[in-house]
Amino acid sequence: MGDMVAVIESHYPKGENGRLPMPLETLQRLSFMQQGFGHSDPALENALYDHRAVRL
């Protein structure tokens, strides 16, 4: 995952305006879980609250 983070990092927001961005590694893991389980954004959010196995 480290190689992918290095590629994305230069394009990822630095948090200079507005809310601080989520750590890139966390966002990447969430994206992989979302694709792997076939969840929509709301379904992934519900899974994170409801199921201990998918919590980070």
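In this short talk I will go through a surface patch, a pocket and one loop residue of the structure above. Please keep in mind that what we are looking at is a predicted model.

Let me begin with the surface, where M4, V7, I8 and F32 together make a nonpolar patch of about 360 Å². If you ask which helix gives the most to this patch, it is helix α1, covering residues 2-9, which supplies 3 residues. V7 is a useful one to look at, since its place is in helix α1, and with a relative accessible area of 59% V7 counts as exposed, because the word exposed is used here for values over 50%.

Now let us turn to the largest pocket, whose volume is about 200 Å³. Its lining is formed by M22, L30, Q34, D41, L44, E45, L48 and Y49, and the elements that contribute two or more residues to that lining are α2 (24-37) and α3 (41-50). Of the elements, α3 gives the most, with 5 residues. And what is the chemical character of the residues in this lining? They divide into 5 nonpolar, 1 polar and 2 charged.

Finally, I would like to point out P23, which you will find in the loop between α1 and α2. With a relative accessible area of 48%, P23 is described as partly exposed, because that label covers the range between under 20%, which is buried, and over 50%, which is exposed. If you follow the chain from P23 to A43, the two are 20 residues apart, and their C-alpha atoms are separated by 21 Å.

Technical notes: Residues are numbered from 1 along each chain as its sequence is written. This is a predicted model: local features need pLDDT of at least 70, side-chain atom pairs count only at pLDDT 80 or more; totals for chains, interfaces and linings use all residues. Side-chain values use heavy atoms; hydrogens and water are left out. Patches are made of residues with over 30% relative accessible area and no salt bridge: like charges are joined within 9 Å, nonpolar side chains (Val, Leu, Ile, Met, Phe, Trp, Tyr) within 5 Å. Accessible areas come from the Shrake-Rupley method with a 1.4 Å probe; for residues, only the protein chains shown count as cover. A salt bridge is a side-chain nitrogen of Lys or Arg within 4 Å of a carboxyl oxygen of Asp or Glu. Helices (H or I, at least four residues) and strands (E, at least two) are DSSP runs, numbered from the N terminus. Buried means under 20% relative accessible area, exposed over 50%, partly exposed in between (1.4 Å probe, protein chains only). On a 1 Å grid over the protein atoms alone, a cavity is a set of points where a 1.4 Å probe fits but cannot get out, and a pocket is an open set with protein on both sides within 12 Å along at least five of seven lines; lining residues have an atom within 4 Å of a point. Grid points are joined across faces, edges and corners, and a volume is the space filled by probe spheres set on the points. Ala, Val, Leu, Ile, Met, Phe, Trp, Tyr, Cys and Pro count as nonpolar, Asp, Glu, Lys and Arg as charged, and the others, Gly among them, as polar.
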